[in-house]
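Colleague: I would like to learn how to read the features of a model like this one, beginning with the covalent links. Could you take me through them in turn, giving the general idea and then the case at hand?

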Amino acid sequence: MVLSVTDPDLPPNGGSFQVLLDWGEHKDYFEVETHSGLIKTTKNLDRESTPELEILVAVQDSGNPVMSSQNSVKIVVLDKNDSPSTSRPLTVLVWVHSKSFPGGKIADVHPQDLDMMGEYQCQIMEGNTAMFRIPRNCDLHTTKFDNLGVYTLTVSGNDGKHRNVSSTIRVKFLNFDNATLQNSVSLRVWNFSADTFLAIHYDNFLRVLESIFKPSSHPVVYSIVNVEEHLEITLASKSSEDLYLSSHDVISVLNEKSPLLREVLEEKRSTLAIIPVRCHPAKTREPAGAFWR
């Protein structure tokens, strides 16, 4: 990388210029040619360990007196497929309306990888291949069926460059119905993504919900999606008699215990809202969606 220097002064108070590496957290990674402004690396850069680097460069002109300025330079390390994949144990939860699933993609089951790029290819090695398939890349599909349950697959995959690795994929189909919809509420969390929530907060969030509603009922979280600028978590609460609490009662409980929810979400910059779900009973047998962790 060559730095470009400009100076509004006329000669002899402008160029030539001297470029000096002044300071910065990653100063030891670079050196600079004083007169050309060419910045060169002194060490190998690895995006997985250091995705961004920053240095401070000083520039001096040839005037009298000498004038100088400092500028911060940020270097972004681009990805390269240089890290081998590793096994990615996965649980996929698929919520199905009225026990009938129409079929289609339910998850991307590519292996764990530090790289952001790769031509991932997967195949099912063990499991119900009459029901599950991977038609392209690592997209796991299932056929139309009416039998809910838990299924276990062994999937082999690679990033297009390194060796295959095997992962155990557990797929769990769960049912919801019109009664679930009519008694549901949504938690809207701003400045949060579904990926972050599932990776970091999901397990603790469920534990807190269970503690909030027990012993009279247990929560049913059947949809976690990004909607425009917020995360929307849709849930209901079901009693041991197989009856749902009304959405009004669920909102009352959640509002009373909202400090616990904010704590588990580590919500410092986020805004949390609890609202009823306004919907009509479902007329079609569509799945609410799938999420995996």
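Modeller: A disulfide is a covalent bond between the sulfur atoms of two cysteines. In this predicted model, the torsion about the S-S bond of C122 and C138 is about 80°, so the disulfide is right-handed. The sulfur atoms of C122 and C138 are 2.0 Å apart, and the count for the structure comes to 1 disulfide.

Colleague: Which parts of the chain does the pair of C122 and C138 tie together?

Modeller: C122 belongs to strand β8, residues 121-126, while C138 sits in the loop between β9 (132-133) and β10 (139-142), so the bond ties together parts that are 16 residues apart in sequence.

Colleague: And is C122 buried or exposed?

Modeller: C122 counts as buried because its relative accessibility is 10%, and C138, at 2%, counts as buried as well.

Colleague: Let me turn to charged side chains. How many salt bridges does a search of the whole structure find?

Modeller: The search finds 6 salt bridges. One of them joins K105 to D139, with the closest N and O atoms 3.3 Å apart. K105 lies in strand β7 (residues 104-108) and D139 in strand β10, so this pair ties together parts that are 34 residues apart in sequence. As for the surroundings of the two partners, K105 is partly exposed, with a relative accessible area of 47%, whereas D139 is buried, at 14%.

Colleague: Which residues are linked in a network of salt bridges?

Modeller: E31, E33 and K40 are linked in such a network. Within it, the side chains of K40 and E33 meet at 3.4 Å, N to O; K40 is partly exposed at 33% relative accessibility, and E33 is partly exposed at 32%. Another salt bridge brings together the side chains of D242 and K238, at 2.9 Å from N to O, and here D242 is exposed, with a relative accessible area of 52%, while K238 is buried, with 19%.

Colleague: How should I read the strands that carry K105 and D139, and what is the order of their sheet?

Modeller: Strands of a sheet pair through backbone hydrogen bonds, either parallel or antiparallel. The case here is an open sheet of 3 strands, in the order β7-β10-β9, with antiparallel pairing. Strands β7 and β9 stand at the edges with a single partner strand each, so one side of each is left without a neighbour in the sheet. Between β9 and β10, which run antiparallel, there are 2 bridges, and R133 stands opposite H141 in β10.

Colleague: Which residues touch the most other members of the largest nonpolar core?

Modeller: In soluble globular proteins, nonpolar side chains tend to be buried together. The largest nonpolar core of this model has 27 residues, and those touching the most other members are L187, F197, F205, I224, L254 and L261. The elements that give two or more residues to this core are β13 (185-190), α2 (194-213), β14 (217-227), β15 (230-239), α3 (247-256), α4 (258-264) and β16 (272-276), and α2 gives the most, with 9 residues. If you follow L254 and leave aside its neighbours within four places in sequence, its contacts are V185, L187, L209, F213, L235, L261 and I274. Apart from this core lies another, of 23 residues, which includes V94, V96, I106 and L153.

Colleague: What about a polar residue such as T234: is it buried or exposed?

Modeller: T234, whose place is in strand β15, is buried, with a relative accessible area of 9%. A polar contact of 3.3 Å joins its side chain to that of S186, and, outside the neighbours within four places in sequence, the residues in contact with T234 include V185, V220, Y222 and V277.

Colleague: Finally, I would look at the backbone. Where is the cis peptide bond?

Modeller: The peptide bond from K214 to P215 is cis, with omega near 5°, and P215 lies in the loop between α2 and β14. For phi, look at the loop between β6 (90-97) and β7, where S98 is placed: S98 has a positive phi of about 55° although it is not a glycine, and S98 is partly exposed, with a relative accessible area of 29%. K99, found in the loop between β6 and β7, has a positive phi too, near 65°, and is likewise a residue other than glycine.

Methods: Residues numbered from 1 in each chain as written. Predicted model: local features only at pLDDT ≥ 70, side-chain atom pairs only at ≥ 80, totals over all residues. Heavy atoms only, no water. Disulfide = S-S within 2.5 Å. Helix = DSSP H or I, 4+ residues; strand = E, 2+ residues; numbered from the N terminus. Buried < 20%, exposed > 50% of the residue type's maximum accessible area, 1.4 Å probe, protein only. Salt bridge = Lys/Arg side-chain N within 4 Å of Asp/Glu carboxyl O. Core = buried A, V, L, I, M, F, W, Y, C linked by side-chain atoms within 4.5 Å. Contact = heavy atoms within 4.5 Å. Pairing = 2+ DSSP bridges. Polar contact = N/O pair within 3.5 Å; in protein donor to acceptor, adjacent residues only side chain to side chain.
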